[in-house]
Structures are given as structure tokens and as C-alpha cells.
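I sat down with this one and a cup of coffee to look up a few things. Here are my notes, in the order I went.

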Amino acid sequence: MNSEENAPYLDEACSPTEFRVIERFIGYEAKLLNQCRFKQWYELFSEDGSYWVPAIPNQENPEDTISIIYEDKLLLAVRIERLQQGRAHSQTPMPQTIRLISNIEVVAINSQRSEYQVVSNFVFLEYRDGTSRFFGGELEHLLREDAGKFYIVRKRVNLINCEDSHEFMSMPF
Amino acid sequence: MNQDISVKDLVKEDAVHRRVYVDPAIFQMEMDRIFSKAWIYIGHESEIVEAGCFVRARIGNRDILLVRDAEEHIRAFLNRCPHRGSQICRSQNGQVKFFRCPYHDWSFRTDGNLLNIPHVDGYGPDFDSSDPAHALVALPRLESYRGFIFASLASDGPDLADYLGPMTLPFDNMTDRAPLGEIELQKNRFRQTFKGNWKFHMENATDLIHPVRVHESAIEAARTLTGSAQINDSDPEPIQMMKSNGIAFDNWDAVGVYAYDRGHGYMGSFYSEGSIASSRSDPVFMTYKAMLVDRLGSERAEEVLGISRFNNLIYPNLSLNANFQQIRVIHPVAVDRTVVESGCFRLKGAPEALFQTAIRFLSTANSPASLISSDDLEIFERCQIGIMNDGTDWLDLSRGRGQEDSGEDNSMLAKGTSELTMRNQLKAWLSYMQDSN
């Protein structure tokens, strides 16, 4: 984001109706995770969907640089399966989490008006067995509309402290 | 230092006292008697290729600057100003012409010597700017083996090659695997923190009875999603890694564990199936192998690629995996807090796909969000909590005791599920801790 950029909150290319639908979708996704409805969250991803939490700020490539998480739909399914089966020690007890998302901005729409690139800011609070912690950063969503439904084609989570030393992270952001 | 501690009473042949993991006075003794004496890995030459390049490093709680000076000599200093003690450098790495303290602007050449003090007249006519007391504090000893740089805070002791003994092998093997004969440490690393004692991590690294249970959730999820317990070439590498933890105890036994003098040791490889096995023969690997044969000849290339080990432990706090070019350093922070730093190397000249496998291995095994190591770290934290209970003092390490065999180079070897390597680490621990010089 450069300083010469005009700062329209609502992109003129995005109609108020489109914006409202996208905003509700992002909120719905967060609600599913807040409520540990992992399977339903997973089903929001398109078949070619991916979930990426870079380990480096402004990371360009997930293949030649380490990532905190870089998963296609199959690997994401393993992550979700593990969360659900109740045998993961690091998720016992399961953390309670809440996500606050704001500053939602639709930064690009394709010409067919079927794909939307959305950027937002988030705060993530987690409580588990006597310990509370928080994360924050920027979310980048590439959303695709197909037959009246929205799908996540790409979700990228840019943690402000991605490079730091971390205790283990159990929950999707 | 607490003089009342009689460390010899804390380690038996087959058990260890819980104080070894929970007593802050013991931790301070470890810093003084182990981390201030042993050779500690602090970096790789490929991180500081040009004059003025530096990286931050740690020895226990000491903050170190590892530098290639203007004459291209490798130097290591405490990251503090000799004047009032301010940390000189906050960046993790970089390239400089000189170091400058942000407090009173003292500056230092990359060889550590004082460059300038502003308004130096204030010290009077007798001030000697070449007095070593005004230079950055250099670590007493610094040596490299195959590009791996170690430092010792003790001015006397065995040289590095002696110290490593037969454990020079993994350094050789990782480097020899590069078609151009050189490896390059990647700048980006993971650092995982856990609320537990550093020794839990080192002991667990060759504990082969734990994976089946501790990593059960990842094993089961990987099996469920691929519909098979079988490890297939077509499974993504992270899934093959998860499934491999689920092999039978007989197979873990066959992996074997090996113990050497000074607390070093290693385990064999347990990746015996799929595209992550040492015996892989896919097109990428065959292209790579041909490159290695070009440089080393067929016999030597086979020998290099035939060495199949998983974790190679250099006591007290380094773990190497040559097969996947992985490095892991266990940094003690406090008696109940540890930071694990892990990275990987690029084999110079090898196909990019091989490097990407190393990246995937590192992310799968050592990311803070790893489906594998998260459960290890959780267990270390539970151990730390559990042994705060003082009802019973001894932790058992007797598995496989008396069933070891003697091997080459004064080594001991045992079935994979033996606790031989933990006993060996604690033997070295006791030897350091009893030496008060």
C-alpha cells in the first residue's frame, strides 16, 4: 500500500450490495471458527483453495521460503480432522477464540464480477487453560462466487509478528 | 551459584531427579558449567559471506554478534557496549562498515576494536583507546567445522574436531550431499517457545517410544484423509511424514539409537517408504544423484547418499538432519522456558525441487503451527508442570538398560526404543556439572 494511494473506504468498483454480501461472508467465516465449526469452515474453501500464514513479512513465495502454514485443501483437511477427533494433546483442552475483523476493503474485482480480492484487519484472542494471548494482522481473501455461493480460493494471514518466536498455535486465524 | 547442590546425587544409572529440570539454581549451574564450557554452535559461514556481514546468535542467555570482519576473518562478540553495557545491535542480520552504540556513540570496527569515542578528551590525557577493555568483548574460542561455526566461552578445552569426535559425520554428510560441495543456511528460521526445560527437547529427539502416542492425532488424521495407513509416493510429503510416525514398535526398534562420548548421539532413519525414503528413485532425485556422481564418482556418491540417519545430536543443544538438510538449536532461556530455533540448508547445485522438500520438511516439523511438534511441546510443558509435584522425585530412564551393544568409535548402540541416549546425555551432564573449574 503506497502513500500516494487515495483512500476510499468503499471501492467505487464495488457496489454497496456487493460490499455488504462480502462483509457478511467474512463475518460468517469468523463466526464458524469462533464456534469451532471447523468442518463448515473447511467447506467454505473451493476445491483449488489454499490457506497461507507466511513466516516472513511480505513473503512472495510459499515454496522457497518457510511458512507458518501453507496448505492446499487436502492438507487443510488433515489439520481440521486432527482438530475434530479430540486426540490432539495441544488442543486438549480446546482453546476458546474470538476474532474481530474490521477495515474491510474490496481491492479488486474481476471483469465477470465473480472473484473479489478483499483485505481486512483482524485481532484474534485465544484462551486456553489459564493462558490468554492475542494475535493481530491483515487478512487477504480471494473470494469466488459460484452459483450464488461464495468460496474462499485463497486466504492469507499476515501476522504482524510472524517472524517472532511463538508458542504453538493450534487454531486457524 | 548454590554451593549446597550435590549434583552427583541427582543422576543415577537409570533415573534422574526432578530438580534437574525445575531448580533455578541448577539452571544457573548449567549456564556456568555446560554452556560456558562446551563448544556451542552459533552459525554457519554461509550466513556471513562478505566483509561486514553479521548475524545475531545466542549461547544460553548470552546475546552474540557473529561477524565477518573487514579482513574477512570470522569474529564473535558479546552484543554489548564495553562502556555502559547497551546492546549494540538489534537487527537479526545485516552488513555494516562498523558497529555504533546508540547510547554514547562509541563505534567499533568489525574486528571489535574501538574506532571512535566522541569528545574523548573528557577521559584525560592517559586514555588508551587501544586498551582491550574498550573493545567489544570477543568470545575466547571460535572454530569452524565444514562451515559450521562453534564458540566456547572457556579459554581451555578440547579443540572442536576432538569435541565432535565421530559426530563430525553429519556435518560432512550434509555438506557432501551438495553437488557443488557447499551448502547455504537459509536466513529465515522458525523459533518455537515452550514453557519447559531445554533438556526435555534434547531427550525427546531420540525418544522413539513416544511418536506413536504423542503424534497419534496427526497420524490418524493423515490416514483418515488419504484412506490408508500405507505411505504412498503420491501422498504429499507432510502426510508421508505424519504417517511415518505411526510405524510399529518393532520398526522403531530396528531404527536404532547410538550414543557417543560427551553426550552426543543419533538415531537411524524411520522414513522407509514413499518419496521421503532414502531409497527414493523419482526423476528429480535421479537427476540430483547424477550430479553427485559427476562430482564424487559413483562409489562415493552411493556412500554419501547411503548414510541414513534422522536426528544427530551434538550435546548440549544442536540437532542435525543431513538427509533433509535440517538444523535445530535448543536455546535454554530459563529453567522452565526454552526457544527452539530451526532452519534448513540449500544444497548448492541441487534441483530446486529438492530444496523445496527441505522447506516443506522444516515447515511441517518445526513451524509453530506444526501438527507434529505442537504435540511434543505440549508434552514438555506437561512434564514441567507434572514434576513440580514433589511427591516422588525420580524420573525413570531404565528402558533397555543392560541391553546395549558396543559399536565403533567407543559408541554404544541399542534398539530404537531404548532410553540409551537419554542416559548418555545425563552422564555427560553430570560430568560437566561436577567439574567446577
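My entries below go from the chain contact to the domains, then to a small sheet and one residue.

**Entry 1: where the chains meet**
I kept in mind that this is a predicted model. I began with the contact between the chains and found 33 residues from chain B and 29 residues from chain A in it. On the chain B side, the elements that give two or more residues are the strand β13 (190-194) and the helices α7 (216-226), α8 (237-244), α12 (352-366) and α13 (373-386). Which of them gives the largest share? I found that α7(B) does, with eight residues. I then sorted that side of chain B by residue class and got 19 nonpolar, nine polar and five charged.

**Entry 2: two domains in chain B**
Next I looked up the domain assignment of chain B, which gives domain 1 (40-152) and domain 2 (164-434). Taken over C-alpha atoms, the centres of these two domains are 33 Å apart. I also checked where they touch: 13 residues of domain 1 of chain B are in contact with 15 residues of domain 2 of chain B. On the domain 1 side, strand β2 (residues 40-44) of chain B gives the most, with three residues. That side of domain 1 divides into four nonpolar, six polar and three charged residues.

**Entry 3: a three-stranded sheet**
Still in chain B, I turned to an open sheet of three strands, ordered β7-β8-β9 with antiparallel pairing. Why do I call β7 (98-100) and β9 (114-116) of chain B edge strands? Each has a single partner strand, so one side of each is left without a neighbour in the sheet. From one strand to the next, the twist averages 35°. I followed one pairing in detail: strand β8 (residues 107-109) of chain B and β9(B) run antiparallel and are joined over two bridges. Within that stretch, Phe108(B) has Leu114(B) in β9(B) as its bridge partner.

**Entry 4: Arg156 in chain A**
Last, I picked out Arg156(A), which sits in strand β6 (residues 149-159) of chain A. Is Arg156(A) buried or exposed? I counted 20 other C-beta atoms within 10 Å of Arg156(A), and since 20 or more counts as buried, Arg156(A) is buried. Not counting residues up to four places away in sequence, Arg156(A) touches Trp52(A) and Glu140(A). I also noted His141(A): it is 15 residues from Arg156(A) in sequence, while the C-alpha to C-alpha separation is 6.5 Å.

Conventions:
Residues are numbered from 1 along each chain as its sequence is written. Chains are lettered from A and ligands numbered from 1 in the order in which they are written. This is a predicted model: local features need pLDDT of at least 70, side-chain atom pairs count only at pLDDT 80 or more; totals for chains, interfaces and linings use all residues. Two residues are in contact if their C-beta atoms, placed from the backbone, lie within 7 Å. Helices (H or I, at least four residues) and strands (E, at least two) are DSSP runs, numbered from the N terminus. Ala, Val, Leu, Ile, Met, Phe, Trp, Tyr, Cys and Pro count as nonpolar, Asp, Glu, Lys and Arg as charged, and the others, Gly among them, as polar. Domain bounds come from an automatic or database domain assignment. Two strands pair if DSSP finds at least two bridges between them. Axes are lines fitted to C-alpha atoms, for helices over the stretch in contact, and angles run from 0 to 180 degrees between N-to-C directions. A residue is buried if 20 or more other C-beta atoms lie within 10 Å of its own, exposed if 12 or fewer, and partly exposed in between; C-beta atoms are placed from the backbone.
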